[in-house]
Amino acid sequence: MASETKTRENNSFVLRGIKDVLFEDRPVPKLTGPYDVLLRVNYTGICGSDVHYWQHGRIGHFVVNDPMVLGHESAGTVVEVGSSVSSVQKGDRVAMEPGIPCRRCVRCKEGKYNLCFDMAFAATPPYDGTLAKYYVLPEDFCYKLPEKVSLEEGALMEPLAVAVHITKQSGLKQGDTCVVFGAGPVGLLCCAVAKAFGAKKVVAVDINRERLDFAMSFAADAAFEPGRVSAAENAQNLIKHNDLGRGADVAIDASGAEPSVQTAIHVLRMGGSYVQGGMGRDEITFPIMAACTKELTVKGSFRYGSGDYETAVNLVSSGKVDVKKLISRKVSFEDAEKAFEDVKNGKAIKVLIEGPK
Ligand SMILES: [Zn+2]
Ligand SMILES: [Zn+2]
């Protein structure tokens with residue numbers, strides 16, 4: 001791995017192939033349109049998907065064929081603006097939304113741009129990510145951080161926007177009960193968003209006791225560790241131990257694990273709402289009869305769309321969600337690979353990588 005980084009113009013952390021990363025000096029990106037903004041990247045969080053590309057060189061049909069810069073959870077500072085930019089100016093600190101839709105297709109036009117047919121998403125092949133010194137975004141994908149919100153917190157807006165989207169998809173209402181499966185970063189943030197949206201009780205579910213303890217200290221009202229029994233039995237125990245009456249109003253899967261998905265369907269009340277947020281195996285055994293006879297609403301959730309980043313910034317600036325608690329540590333850009341190693345080994349919730357000096 002290369003070491004000398006100081007003199008580089010746009011030092012970037014590049015994935016060349018499976019477990020093959022290096023620092024590379026890339027050209028400083030140019031503004032390509034009047035609404036573009038050049039950003040100096042200050043902090044980038046590492047996500048499971050970054051680790052997955054690093055370990056496997058692919059996610060589903062997205063394959064890393066050419067060298068690609070990793071990273072997509074970033075906050076930065078505006079260093080240059082295009083001639084028509086009006087919402088941000090030089091020196092502004094912003095959360096960076098890392099996926100640019102085509103703005104022209106049917107899904108874009110109906111307002112669901114996360115479902116765009118031609119999305120350019122950072123660190124999803126063939127598009128470069130944000131683990132670089134500089135990055136260009138259109139101004140409407142830069143969200144100004146209020147003064148009291150730090151750049152570190154700004155880097156957490158991406159996973160928080162994911163959680164906001166999932167929770168909005170669930171249709172959770174004031175006073176609802178909500179069970180969240182998986183206490184990784186997104187699951188933890190779903191717990192916090194559900195509370196902020198007025199949930200009466202949020203139960204976190206995980207097979208890892210340490211994660212459950214953290215969930216309790218972060219945003220969950222209760223924790224449940226599933227036993228080695230059937231999904232239906234775990235659901236019955238979960239309902240009983242947490243006074244969920246005839247079942248939970250909302251169940252969110254942020255784990256992607258088959259037993260979680262099954263338990264989530266069984267834990268819901270008649271007419272309850274289920275959202276699939278976690279990504280695991282492509283296909284699983286699904287309790288479809290329960291989904292049918294309980295007349296459940298079952299939805300997917302993918303990335304984030306209109307209004308989600310705004311909601312995320314609001315939740316943090318209003319103090320309703322304390323994302324700082326999720327930051328395990330910060331490392332220098334030079335230590336990026338070490339940070340990936342730690343996230344892979346489950347030694348951290350969120351590690352932030354500082355932008356190159
Ligand atoms: Zn992510
Ligand atoms: Zn589109």
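A residue counts as buried if 20 or more other C-beta atoms lie within 10 Å of its own. That cut-off will help with several of the views below, all of which show a predicted model.

**Figure 1. Gly71, a buried glycine in a loop.** Let us start where the cut-off does its work. Gly71 sits in the loop between E6 and E7. Why is Gly71 classed as buried? Because 26 other C-beta atoms lie within 10 Å of Gly71, and 20 or more are enough. Setting aside neighbours within four places in sequence, the contacts of Gly71 are Phe13, Thr44, Asp50, Ala122, Ala123, Gly129, Thr130 and Leu131. One of these partners, Leu131, is 60 residues away from Gly71 in sequence, yet their C-alpha atoms are 5.0 Å apart.

**Figure 2. The whole chain, for orientation.** Here we step back to take in the overall fold. The protein chain has eleven helices and 20 strands, and its C-alpha atoms fill a box of roughly 60 × 40 × 35 Å along the principal axes. The radius of gyration is 20 Å, which agrees with the value near 21 Å for a compact globule of 357 residues. Buried residues account for 48% of the 357 residues. Of the contacts with a separation of 6 or more, 67% join residues 24 or more positions apart.

**Figure 3. Two domains and an annotated span.** Domain 1 is built from two stretches, 11-144 and 322-354, while domain 2 covers 163-300. Taken over C-alpha atoms, the centres of domain 1 and domain 2 are 29 Å apart. An unreviewed UniProt entry carries the annotation "domain: Enoyl reductase (ER)" for residues 16-353. Within residues 16-353, 30% is helix and 27% is strand, and the end C-alpha atoms lie 19 Å apart.

**Figure 4. An open sheet of three strands.** Follow the order E2-E1-E6, in which the pairing is antiparallel. At the edges are E2 (20-25) and E6 (68-69), each pairing on one side only. Strand E1 (residues 11-17) is joined to E2 by six bridges. A handy place to find this pairing is Leu15, which stands opposite Val21 in E2.

**Figure 5. Strand E7 and its two partners.** Strand E7 (residues 73-81) runs antiparallel to strand E3 (residues 36-45), with eight bridges between them. Look for Gly45 opposite Glu73 in E7 as a landmark. E7 also pairs with strand E8 (residues 93-96), again in the antiparallel sense, over four bridges. There, Thr77 faces Arg93 in E8.

**Figure 6. The largest nonpolar core.** This core has 106 residues, and those touching the most other members are Leu160, Val179, Val180, Cys190 and Cys191. Which helix gives the most to this core? Helix H5 (residues 185-196) does, with eight residues. Both domain 1 and domain 2 supply at least three residues each to this core. Zooming in on Cys191, and not counting residues up to four places away in sequence, we find that Cys191 touches Val180, Val202, Ala204, Ala215, Phe218, Ala219 and Ala220.

**Figure 7. Helix H8 and its surroundings.** Helix H8 (residues 258-267) is largely enclosed by the rest of the structure, because eight of its ten residues are buried. The buried residues of H8 are Ser260, Val261, Gln262, Thr263, Ala264, Ile265, His266 and Val267. What do they pack against? Their partners include three strands to look for here, E13 (177-181), E14 (201-205) and E16 (248-253), along with strand E17 (268-276). Helix H7 (231-241) and helix H9 (288-293) also pack against the buried residues of H8.

**Figure 8. Helix H10 and the glycine that follows.** With seven of its ten residues buried, helix H10 (residues 308-317) is likewise largely enclosed by the rest of the structure. Those residues are Asp308, Tyr309, Thr311, Ala312, Val313, Leu315 and Val316. They pack against E8 and strand E12 (142-144), as well as helix H3 (151-155), helix H4 (157-170) and H5. Just after H10 comes Gly319, with a positive phi of about 80°.

Conventions:
Residues numbered from 1 in each chain as written. Chains lettered and ligands numbered in written order. Predicted model: local features only at pLDDT ≥ 70, side-chain atom pairs only at ≥ 80, totals over all residues. Domains from an automatic or database assignment. Pairing = 2+ DSSP bridges. Helix = DSSP H or I, 4+ residues; strand = E, 2+ residues; numbered from the N terminus. UniProt positions renumbered as here; feature names shortened; annotations may be inferred. Rg over C-alpha atoms; globule rule 2.2 N^0.38 Å. Buried ≥ 20, exposed ≤ 12 C-beta atoms within 10 Å, placed from the backbone. Contact = placed C-beta atoms within 7 Å. Core = buried A, V, L, I, M, F, W, Y, C linked by C-beta atoms within 7 Å.
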